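I sat down to go through this fold piece by piece. Here are my notes, in the order I looked things up.

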Amino acid sequence: MKYSYNLVYSKRRSISVSISVDNVITVRCPVDYPREKVDEFLTRKSGWLDKIIEKNSQSLSINTDIISLQKAYVQGNILPVIITDKATGIYSDGIYLSSRSIYPYIYCEKFDASFLNRVKYLAEHTCLKPQSIKIREYRSRWGSCNARGNITFNYRIHMLPRDLQDYIIIHELCHLQQMNHSANFWRLVETYIPDYKQLKKRLKNFDFLTRLY
């Protein structure tokens, strides 16, 4: 087998494969599904897998400075990261850090208040009002909405351009009415963001950020 992969067994009827932005392959299949059949399945999917792996590899290569934290995205712009023992913060000429460990806090300190105001504005505009809004560190997702109406966003959302931030906000607000990704959910999203498909596609270019830092 040419691929290494994570295998997840569960009470399901079919087999599926997914690949993360950093090329981690995960196969989900029914309990007691034969390993040789998993390999056969991946062989049939090899054309698709190779295409995604190549695309991800190109993206990771282009963003080497971002991955190594030599540079970082700020509201869609790329700024240099400067380690200093002086004042820290995000400025027009760069991101100044006393250590890499404070990186998340610098973003939250700079943008949390204005971002939360934007969420509240869009909640009023759409009449989709959450019980609470929080910002935290997530891995592999930009946000979540639970059945109690609490919405949480990944602090890395501050790295994205404003239009992609709005898309994520609307996406999570729509889950207050549709706790799924059904056709009805996407129709609701389209009500507020007619070009959501283009934004959704663009957002994939930034998905690797959710696994960094």
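What follows are my entries on two sheets, a helix, a pocket and a loop residue.

**Entry 1, what I am looking at.** I am working from a predicted model.

**Entry 2, the four-stranded sheet.** I traced the strand order first and got 4-5-7-6, an open sheet with mixed pairing. Strands 4 (71–74) and 6 (89–91) sit at the edges with a single partner strand each, so one side of each has no neighbour in the sheet. From one strand to the next, I find a twist of 30 degrees on average.

Then I went through the pairs. Strand 4 and strand 5 are antiparallel, with four bridges between them. In that pair, V74 has N77 of strand 5 as its bridge partner. These two strands make a hairpin with two residues between them, and there Q75 has a positive phi near 50 degrees. Strand 5 (residues 77–83) also runs parallel to strand 7 (residues 94–97), joined by three bridges. For that pair I noted I82 with Y96, and I83 with L97. A reminder to myself: strands of a sheet pair through backbone hydrogen bonds, parallel or antiparallel.

**Entry 3, the three-stranded sheet.** Which order do the strands take here? I read 8-10-9, again an open sheet with mixed pairing. Strand 8 (132–136) and strand 9 are the edge strands, each pairing on one side only. Neighbouring strands are turned against each other by 15 degrees on average, direction ignored.

Strand 8 and strand 10 (residues 150–154) are parallel over five bridges. R136 is opposite N154 of strand 10. Next I checked what lies on this sheet. Helix 4 (residues 103–126) crosses strand 8 and strand 10, at about 145 degrees to strand 8. Helix 5 packs on the sheet too, touching strand 9 and strand 10, and its direction makes about 155 degrees with that of strand 10.

**Entry 4, helix 7.** Which residues of helix 7 (residues 196–203) are buried? I list Y196, L199 and L203. Looking down the axis, these buried residues fall within an arc of 60 degrees, so they line one face of the helix. K197 and K201, on the other side of helix 7, are exposed. I also asked what covers the buried residues of helix 7, and the cover includes helix 5 (162–174) and helix 6 (183–192).

**Entry 5, the largest pocket.** I get a volume of about 1200 Å³ for the largest pocket. It is lined by 37 residues, and V21, S140, W142, K204 and D207 are the closest to its centre. Elements giving two or more residues to the lining are strand 2 (16–19), strand 3 (25–30), helix 2 (46–62), strand 9 (143–145), helix 5 and helix 7. Helix 2 has the largest share of that lining, with six residues. Helix 5 and helix 7 were already in my notes, and both turn up again in this lining.

**Entry 6, N180.** Last stop was the loop between helix 5 and helix 6, where N180 sits. Why does N180 count as partly exposed? Its relative accessibility is 32%, and partly exposed covers what lies between the cut-offs of under 20% for buried and over 50% for exposed. Apart from neighbours within four places in sequence, N180 is in contact with H175 and F185. I also checked N180 against D85: they are 95 residues apart in sequence and 47 Å apart in space, C-alpha to C-alpha.

Methods
Residues are numbered from 1 along each chain as its sequence is written. This is a predicted model: local features need pLDDT of at least 70, side-chain atom pairs count only at pLDDT 80 or more; totals for chains, interfaces and linings use all residues. Side-chain values use heavy atoms; hydrogens and water are left out. Two strands pair if DSSP finds at least two bridges between them. Axes are lines fitted to C-alpha atoms, for helices over the stretch in contact, and angles run from 0 to 180 degrees between N-to-C directions. Buried means under 20% relative accessible area, exposed over 50%, partly exposed in between (1.4 Å probe, protein chains only). The arc is that of the directions from the helix axis to the C-beta atoms. Contact means heavy atoms within 4.5 Å. On a 1 Å grid over the protein atoms alone, a cavity is a set of points where a 1.4 Å probe fits but cannot get out, and a pocket is an open set with protein on both sides within 12 Å along at least five of seven lines; lining residues have an atom within 4 Å of a point. Grid points are joined across faces, edges and corners, and a volume is the space filled by probe spheres set on the points.
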